Structure formats: structure tokens, C-alpha cells
Amino acid sequence: MLKFRFAEIAQMCTGLGILISVPLIFFYGNFNVWFFAKIAYVLGITIMLIKK
Amino acid sequence: MFGMEIMELVAFFRQLGLALAGASSLWGLVYAIKSLKNIGEKREVYERFAKILFFASMVASLVAISAWFIIADVAGAHEGITLIPTSTELTRARALTNPLFVIWVLGLFIANLIFSKKKTSRGLIVFFSAQLALVLTIISIPAWTGMFGARQLFFTAHGFHSIMTLGTVLTLDILFYGVRHKPSIARFLAPIFPTLSKVIWVGLGIDFLSVGLIFPEALVLSDKFFFSQTVVGILILNGVFLSGPLTRKMIALFEIGKNLPPKLSTIATISGTISIISWTTITFVDFFKNLTLPYFALFGIYLTIIATSVCLYVLFEHKRVQKIRHV
């Protein structure tokens with residue numbers, strides 16, 4: 001059984017966010033999810049570095 | 001063909017060579033220092049890793065320098081966001097980096113003369129430090145605007161993050177491939193996996209941050225952009241799996257001196273293949289300004305390369321196991 005840590009689940013959410021944003025940008029020109037996912041990723045990495 | 005030009009391919013190889021030369025110097029330096037700080041078996045193994053990375057950096061340097069001889073114009077932007085440097089910016093960058101390339105060639109010549117007799121950890125530390133400084137400077141100036149503004153920061157971030165991402169992924173694969181069936185040595189490599197993963201994640205973060213510096217005209221909603229974003233998404237999901245539970249499992253097995261079970265070894269190979277091909281792909285597609293291939297064609301080629309690489313690995317692994325059984 002694979003066990004993911006909280007930070008890893010959060011990171012997966014940003015990956016999924018970027019994947020979901022592809023059809024959103026293509027069909028609706030909506031960049032919100034894309035920007036949010038990228039900002040969330042950078043924030044997550046910053047927290048990871050500070051915590052360690 | 002498909003809007004691809006041969007010089008763009010050469011420019012891609014220059015970036016690939018620089019990224020690997022930089023990363024192998026960085027991690028080679030880490031292992032050379034670690035070998036000096038340890039004694040006994042640890043010292044020997046770390047020195048061995050540093051020597052493997054010395055050869056990797058030699059091959060990478062050869063690729064980068066050969067490409068530099070052919071062409072020096074780099075239109076480097078990653079993950080599909082394109083900000084193409086002007087010819088003046090490229091000429092300025094070429095004027096700045098040409099002397100560094102000459103120093104690099106001479107340095108490599110001297111290093112090979114010295115190291116042909118014996119490679120000591122102290123000597124490797126000097127070599128890796130000097131090479132890392134040179135490569136870092138060269139890769140950070142793919143174009144020079146003449147001043148440190150947002151545009152220059154964009155070029156610099158898109159240049160040097162390749163050392164932390166593509167280069168580090170390649171370095172990790174070279175080391176892991178060399179020791180994956182030797183648990184006695186792999187147990188010394190495994191503890192650095194989490195650090196390597198962090199460096200890769202931070203590198204991708206730097207790339208994302210530089211997106212904030214882009215200009216509206218840089219965001220071209222092309223098939224290349226959508227394809228690159230898809231690959232970035234896959235890369236993050238796969239990376240979490242590879243650097244998280246899979247790495248923890250491998251470390252636990254290596255620490256008790258066990259080999260990877262065949263199933264886990266295959267999963268690690270598939271995940272590693274996805275990682276290395278994804279990083280190479282997003283770097284590769286961005287070196288072709290006028291790529292005309294549609295989204296699904298790009299994605300089809302990407303999946304085919306992954307499937308072919310995994311099949312080849314399984315085939316070679318099967319032959320290796322059969323050979324061992326016969327012996």
C-alpha cells in the first residue's frame with residue numbers, strides 16, 4: 001500500500017491543477033486554475049524549504 | 001521538417017550538454033567533498049561516485065562544446081512559454097560567453113592531462129568547482145539584454161534551472177543505473193535521493209516563478225504550449241510518486257542490503273523513464289520556434305518514446321537475468 005505524505009498530496013494537487021487547466025485554457029481561455037496551481041506549487045516548495 | 005531546423009537541434013544539444021555538465025559537476029563536487037570527510041568503505045564509494053560523475057561531465061562537456069562550435073544561438077524558453085531573444089541579445093551573449101568556452105576547453109585539456117595519472121578527491125573538488133562556476137555562468141547567459149531587468153531575469157532563470165532539473169535528473173539516472181543491482185553500493189547512494197528530489201522541485205519552482213516575469217506576448221497559446229503544460233502536469237504527478245513512496249521503499253530495502261524486487265524495479269524504471277523523457281521533452285520542444293506538429297501528434301510521439309524505452313529496458317533486463325541464471 002502506497003502512503004503519501006501531506007506535502008506530497010498537496011504537490012499532486014498542483015500537478016492535477018496544471019493538467020485540468022489545459023482544457024480550461026483551450027476551450028474557455030481561462031488561466032485562473034493555471035496561475036493558481038503554479039503559485040500554489042511555488043508556495044508549497046517555499047514552505048518545504050523553510051520547514052526543513 | 002515540421003518547422004524544425006537543424007540549428008535548433010544543435011542548440012538543444014548545447015543546452016542538454018550544459019545542463020548535464022553543470023549537474024554532474026555539482027553532484028560530483030558533493031561526493032568528492034563527502035569522500036574527504038569520511039573514512040573506509042564510505043570514502044571509497046563516494047570517491048567512486050565522484051569519478052563516475054567526472055566521466056559523465058566529460059561526455060556532457062564534449063556535447064556542449066561541439067554544439068558551441070557549430071552554433072551558439074539559443075532560443076531557450078521552457079514549458080512552452082516563449083520569449084524569443086533578439087539577434088542583438090544573442091550576439092551580446094555570444095561575445096560574453098565565447099571567452100568562457102575557450103577557458104573551458106583549455107581547462108578540460110589540462111584536467112585530463114592531470115587526471116590521466118590519478119584522480120584524487122582534492123583534485124576533483126578543484127575541477128568540479130571550476131567547471132560548475134563556468135557552466136553556471138554560460139548557461140545563465142543564453143541572451144544578454146545589456147542590463148539586469150525582468151527580461152534578463154527570465155532568460156537567466158530559464159537557462160540555469162536546467163542544471164537543477166534536467167541535469168540533476170540525468171545525473172541521478174546515471175548514478176542509479178550504475179549501482180541499481182549492487183545494494184552494497186546503492187545503500188550509499190539512496191540517502192541523497194530526497195535532497196536530489198528537493199533540488200529538482202526547487203528548479204521547477206524557479207521556472208514557474210520566472211513565468212511571473214513574462215511579457216504578454218510570450219504566452220503563445222500554441223499546440224506546443226498545451227503539450228508542454230500537459231507534460232509538466234504529468235511530470236509533477238510522476239515526480240511525487242517517484243520521490244515519495246517509491247524512494248522511501250527503495251531506501252528501506254537498500255539499508256538492509258536487499259536488492260529491489262523485480263516488480264518494484266520495473267515500477268521504478270517506468271517512473272524514472274517518464275521523469276527523464278518528460279524533462280528532455282519540455283526542453284526539446286522549446287528549442288523549435290516554429291514547430292508545426294499538432295498537440296495529439298506531439299503527445300503520441302511522447303508516449304511512443306516512453307513505451308519504447310520501457311520495452312527496451314524490460315528486454316535487456318530479461319536477457320540479463322537469463323545470463324545470470326546460465327552462469
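Trainee: Let's start in chain B. How far apart are E47(B) and K51(B) in helix α2?
Mentor: E47(B) and K51(B) are 4 residues apart in helix α2 (residues 40-70) of chain B, so about one helical turn separates them. Bear in mind that this is a predicted model.

Trainee: And what do the side chains of E47(B) and K51(B) meet in?
Mentor: They meet in a salt bridge, at 3.6 Å from N to O.

Trainee: Are those two buried or exposed?
Mentor: Neither, really. E47(B) counts as partly exposed because its relative accessibility is 21%, and K51(B) is partly exposed too, at 28%.

Trainee: How many salt bridges does the structure hold over all chains?
Mentor: There are 2 over all chains.

Trainee: OK, then which residue forms a salt bridge with E8(A)?
Mentor: That is R248(B), with the closest N and O atoms 2.9 Å apart. E8(A) lies in helix α1 of chain A and R248(B) in helix α8 of chain B, so this pair joins two chains.

Trainee: Is E8(A) buried or exposed?
Mentor: E8(A) counts as buried, at 10% relative accessibility. Its partner R248(B) is partly exposed, at 27%.

Trainee: Let's stay with the interface. How many residues does the contact take from each chain?
Mentor: Chain A supplies 24 residues and chain B supplies 26. The area buried between the two chains is about 2,300 Å², and carbon and sulfur atoms give 81% of that.

Trainee: What about salt bridges and polar contacts there?
Mentor: Between chain A and chain B the count is 1 salt bridge. There are also 5 residue pairs in polar contact across the interface, with both residues at pLDDT 80 or more.

Trainee: Which elements of chain A give two or more residues to the side that touches chain B?
Mentor: Those are α1 (6-28) and α2 (32-51) of chain A. α1(A) gives the most, with 11 residues.

Trainee: How do the residues on that side of chain A divide up?
Mentor: They split into 16 nonpolar, 3 polar and 5 charged.

Trainee: New topic: the largest nonpolar core. Which residues touch the most other members?
Mentor: Of the 104 residues in that core, Y31(B), F49(B), W104(B), L189(B) and I236(B) touch the most other members. Helix α8 (residues 223-255) of chain B provides the largest share, 15 residues.

Trainee: Take L189(B). What does that one touch?
Mentor: Leaving out residues up to four places away in sequence, L189(B) touches Y31(B), F49(B), L175(B), F176(B) and V179(B).

Trainee: Back to helix α8 of chain B. I see T247(B) has its place there. Is T247(B) buried or exposed?
Mentor: T247(B) is buried, with a relative accessible area of 6%. Apart from neighbours within four places in sequence, T247(B) is in contact with F193(B) and L242(B).

Trainee: And where does T273(B) lie?
Mentor: T273(B) is in helix α9 (residues 262-285) of chain B. At 11% relative accessibility, T273(B) counts as buried. Not counting residues up to four places away in sequence, T273(B) touches I306(B), S309(B) and V310(B).

Trainee: Last one: where is K289(B) found?
Mentor: K289(B) sits in the loop between α9 and α10 (295-326) of chain B. K289(B) counts as partly exposed, at 41% relative accessibility.

Trainee: What separates the C-alpha atoms of K289(B) and A143(B)?
Mentor: The separation is 16 Å, and the two residues are 146 residues apart along the chain.

Key: Residues numbered from 1 in each chain as written. Chains lettered and ligands numbered in written order. Predicted model: local features only at pLDDT ≥ 70, side-chain atom pairs only at ≥ 80, totals over all residues. Heavy atoms only, no water. Contact = heavy atoms within 4.5 Å. Buried area = accessible area lost by both parts, 1.4 Å probe. Salt bridge = Lys/Arg side-chain N within 4 Å of Asp/Glu carboxyl O. Polar contact = N/O pair within 3.5 Å; in protein donor to acceptor, adjacent residues only side chain to side chain. Nonpolar A, V, L, I, M, F, W, Y, C, P; charged D, E, K, R; others polar. Core = buried A, V, L, I, M, F, W, Y, C linked by side-chain atoms within 4.5 Å. Buried < 20%, exposed > 50% of the residue type's maximum accessible area, 1.4 Å probe, protein only.
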